[in-house]
Amino acid sequence: MVETIQWTDAGVVMIDQTRLPHEEHYVTCRTYQEVAETIRSMVIRGAPAIGVAAAMGIALGVAQAVDHGAANGLDEQFEKICNTLAHTRPTAVNLFWAIERMKRVYRDARALGPIALRDRLIAEARQIRLEDIAINEAIGRYGAPLVPDGKTVLTHCNAGALATAGFGTALGVIRAAVSQGKKIDVFADETRPFLQGARLTVWELQQDAIPTTLITDNMAGYFLRGGRIGCVVVGADRIAANGDVANKIGTYSLAVLAKENDVPFFVAAPISTLDLTLASGDQIPIEQRASSEVTHVFGVSVAPEGTTVENPAFDVTPHRYVTAIITERGVARPPYLVSLRRLADQGSVAR
Ligand code: MRU
């Protein structure tokens, strides 16, 4: 399976997702500022992968400071590192979850001295990466039975190995269903404007020889009405306490179309994607990205000069359209206010 992100002696190494599928190029970040830039520019993207990158960025930043003898003023430096990483992308709550987890380790290990503190933070960042893979495998185990045999699964964006430390959430469910012997194929929405579906999901599923058909986003309704789609499975960037789901722009339209056509709509996400501090999805911050992502495709302009553009990167799907939310601790069903709280309170170890 593709290695999305790794901690190495040379720095944080990640596959450059802006160059896929044509180039398999790896970048090495040697500073926390470089990690922040890879998140901002979407060299690495996908909620859980962003969380892992932030944790590794913090470990890298502290290692830089300690290795340069900057033990004095380390607390201020640590705050600066965390702030820089927190201001990269606003919607995926996994980013803030990972930063909080690293802050707890910092506080607990602060008294041990700079070297031990650095080593604890590096160990924690590596642990978050490993846990994420195990969590996705557990999501796959819970989700696979929900996937109808002999049907097509429709997915949006890329919620695969590339969007996580490995295996994927939505694509993890598909991988697990295939490995249980289910005969399924996948329809991947191309996912304008950034084309995560066309560029990343198709590439990733091709590596596993899972039959995949690329469609443009506006074809989804046609196929959902045609009876061929057995279910829709997507990932999530943030899930509010009532079960409203923020995910890649276009997810909401897909969910409405799925309900209209009686097709189950599943969301696969780790517990770290829950934000139970928010009562509803209306409070989820939606990232607005550059207009050039809409006016240009691979650097080529597709709109007249001076075109007015809106480019929200995510939308919110109200919980009434969500059939179930698949987590590493089990499957939540409506009413989500109760089922999500119950799963969140179960403890912090993924099984
Ligand atoms: O803008 P992106 O590519 O980071 O958006 C990614 C998504 O919307 C994914 O569906 C979500 O992060 C879940 S990834 C397991």
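These are my notebook entries on the ligand site and on some backbone features of this predicted model.

**Entry 1: the ligand shell**

I began with the residues around the ligand and found 19 of them. The closest are Arg45, Gln196, Asp237, Asn247 and Lys248. I then sorted the shell by class: eight residues are nonpolar, seven are polar and four are charged.

**Entry 2: polar atoms at the ligand**

I looked up three distances to oxygen atoms of the ligand. For Gly46, a backbone N or O atom lies 2.9 Å from a ligand oxygen. For Asp237, an N or O atom of the side chain is 2.8 Å from a ligand oxygen. For Lys248, a polar side-chain atom also lies 2.8 Å from an oxygen atom of the ligand. I next checked the cover: the ligand taken alone exposes 420 Å², and the protein buries 100% of that.

**Entry 3: where the ligand sits**

I asked which cavity holds the ligand, and the ligand sits in the largest cavity. Two elements give two or more residues to the shell around the ligand, namely helix H2 (47-67) and strand E9 (245-248). I also noted which domains take part. Domain 1 (5-137) and domain 2 (140-344) both contribute shell residues, so the ligand lies between them.

**Entry 4: cis peptide bonds**

I turned to the backbone, keeping in mind that most peptide bonds are trans. The bond from Leu20 to Pro21 is cis, with omega near 5 degrees. Pro21 is in the loop between strand E2 (11-15) and strand E3 (26-29). I logged another cis bond between Pro334 and Pro335, where omega is about 0 degrees. Pro335 belongs to the loop between strand E16 (330-332) and helix H11 (336-344).

**Entry 5: a positive phi**

Most residues other than glycine have a negative phi. Against that I noted Met42, a residue other than glycine with a positive phi near 65 degrees. I placed Met42 in the loop between helix H1 (32-40) and H2. Helix H2 (47-67) is one of the elements already logged for the ligand shell.

Conventions: Residues are numbered from 1 along each chain as its sequence is written. This is a predicted model: local features need pLDDT of at least 70, side-chain atom pairs count only at pLDDT 80 or more; totals for chains, interfaces and linings use all residues. Side-chain values use heavy atoms; hydrogens and water are left out. A residue is near a molecule or strand if one of its heavy atoms lies within 4 Å of it. A polar contact is a pair of N or O atoms within 3.5 Å; within protein, one must be able to donate a hydrogen and the other to accept it, and residues adjacent in sequence count only if both atoms are side-chain atoms. Accessible areas come from the Shrake-Rupley method with a 1.4 Å probe; for residues, only the protein chains shown count as cover. On a 1 Å grid over the protein atoms alone, a cavity is a set of points where a 1.4 Å probe fits but cannot get out, and a pocket is an open set with protein on both sides within 12 Å along at least five of seven lines; lining residues have an atom within 4 Å of a point. A molecule sits in a cavity or pocket if more than half of its atoms lie within 2 Å of its grid points. Helices (H or I, at least four residues) and strands (E, at least two) are DSSP runs, numbered from the N terminus. Ala, Val, Leu, Ile, Met, Phe, Trp, Tyr, Cys and Pro count as nonpolar, Asp, Glu, Lys and Arg as charged, and the others, Gly among them, as polar. Domain bounds come from an automatic or database domain assignment.
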